[in-house]
Amino acid sequence: MENKYIKILCVAIVSAMTLASCDKGFEEMNTNPNALTDPAVKSMFTLAEIYVDGQDFSNTRGNNIYAAQIVQHFSSLGGSGSKYTYSSEYSAALFGESYGKGLNQIYQLLSVLDNTPENSNMIQALRIMKVLMFQKLTDTYGEVPYFEAVKGYNGNIFSPKYDTQEAIYNDLLKELDEAGTALDASKPFAGNADLYYQSDVAKWKKLANSVMLRVAMRLSKVNPAKAKEFVEKAYSKGVFASNDDSLVLKHDAGPVGVKTNPITSSWVRNDLNGGESNIKFSKTFIDLLKNTNDPRLRIYAKLEATGDNNPANQQGLANDAKEFPGGDKKLFSDPNTSTVLRLDAPTLIMSYAEVQFLLAEASVRGWNVGGSAQMYYENGVKAAMNILTIFGDKVPAVTTAEYNTYITTYPFKSAGTEAQKIEQIITQKWIVLLFNGFEAFSEYRRTGYPVLVPVNDPSGETQGTIPRRLIYDQSELLTNAANYKEAIQRQGLDLMTTRIWWDK
């Protein structure tokens, strides 16, 4: 993969510049036999895939510092997420980067791909990627520009309207249903330019249906009938069937910022500092895994200063901490740089384990998904442990014996109440969503699990209430004021405590 992403970026940037400057005569350019139309299009497709899960900017600020600390995966003394403080730059990071990079790339490519059989599979894949990005956006902020979004170049719409979350969700489900059905293995695709599945249409279909499962379950409280309808539809169409179907984006160790993991690379470069990092694993996360003898702890965590990954020696930082107890940062657990915090650690965008936990919850709710909650729960825990082999072999993988001991000691609560079963399922999902703070934040708000103790810090914005959303990019007040104001009139004040539509 030497220099692979550099070439992709260079070709895609040239392509974008060409598209932006060649409105007149575009049709002639597009049919020019000497133009690099196909290579450019495929390179742009690759870049869109890279952008889907965000770059360093949004992952450092929105994910690591805000969402992942709000849900107490991580903690820091002055962290906006730990203390519920407001940082305009951090809060706006996902909003600005998503529209400025990922969605812009997707819409630009869709605008030049003729709707022909040769391009059909690439178009359907872009529709699925669009859903992944928009769901994260709307779940984080609430109402966002959707139907008029990213139409400055193609539609001369420079102040897009915000759409209700209900309208957005209805269209997300439609897009996934249509795109998944339209994918066709008999038609061309993107070849190896597809970093996700190397143009394996069967796996793309499973991805569309698995994302539909995630999107539908988000409606479980606000519209349970529609949630049930689309959860059952997703299951019947075919979701992830093993860890091999999981959506994993691979990375290289360099160059930094191009090929490295955007979630881990800035952490390693700027903040890890031999164990002197201000961001540590949360006490909530470490204590849960220690108290249950979870074999994943040795893979997830270590004391960076000494390289010690012995679970017995791991220590998390409380999210309400105002200083490091004992005064030594090096005594508190960091993500393991031999595994999950490698510069080239793969990004687990959506896992088979998550799908199994979604099906387990659906079964608890009595929906028709073909299996028992216990079966799906046990499959999910096992898959969550086994998927960690994607992070290499420098730490021993979880063994079958370790899984058997764990699931025997902490079995599924088959005789419990519905609430107890869902709490157990979501708590396991919270573990597997480590480094996917945005999704964990959404699932916490939807379900209330895992049970978290709020932080009531004097610097916070919420008076001790766990946030329900992030605050919009305040540049919208200058560039899109009328539509911004209309959105907050419908949704509520632009505050961290305002609940979005599905958050009941």
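**Exercise 1.** How many helices and how many strands are there in the protein chain?

*Solution.* Keep in mind that this is a predicted model. Going through the protein chain, we find 21 helices and 8 strands. Next comes the overall build. The radius of gyration is 22 Å, and the globule rule gives 23 Å for 504 residues; the two values are close, so the chain is as compact as a globular protein of that length. Along the principal axes, the C-alpha atoms fill a box of roughly 70 × 50 × 50 Å.

**Exercise 2.** What percentage of the residues in the protein chain is buried, and what supplies the area that the chain exposes?

*Solution.* Start with the inside: buried residues account for 57% of the 504 residues. Now turn to the outside: the chain exposes about 19,500 Å², with carbon and sulfur atoms supplying 51% of that area. Finally, look at charge: there are 51 positive and 56 negative side chains, and the centres of these two sets are 3 Å apart.

**Exercise 3.** Find alanine 190 in the structure. Is alanine 190 buried or exposed?

*Solution.* First, locate the residue: alanine 190 sits in the loop between helix 9 (165-182) and helix 10 (201-217). Second, compare its relative accessibility with the cut-off: buried means under 20%, and alanine 190 has 2%, so it counts as buried. Third, list its contacts: leaving out residues up to four places away in sequence, alanine 190 touches Lys42, Phe45, Met122 and Ser199. Last, try a distance: tryptophan 430 is 240 residues away from alanine 190 along the chain, and their C-alpha atoms are separated by 34 Å.

Note on methods
Residues are numbered from 1 along each chain as its sequence is written. This is a predicted model: local features need pLDDT of at least 70, side-chain atom pairs count only at pLDDT 80 or more; totals for chains, interfaces and linings use all residues. Side-chain values use heavy atoms; hydrogens and water are left out. Helices (H or I, at least four residues) and strands (E, at least two) are DSSP runs, numbered from the N terminus. The radius of gyration is taken over C-alpha atoms; the globule rule is 2.2 Å times the number of residues to the power 0.38. Buried means under 20% relative accessible area, exposed over 50%, partly exposed in between (1.4 Å probe, protein chains only). Accessible areas come from the Shrake-Rupley method with a 1.4 Å probe; for residues, only the protein chains shown count as cover. Lys and Arg count as positive and Asp and Glu as negative; His and the chain ends are not counted. The place of a charge is taken as NZ of Lys, CZ of Arg, CG of Asp or CD of Glu. Contact means heavy atoms within 4.5 Å.
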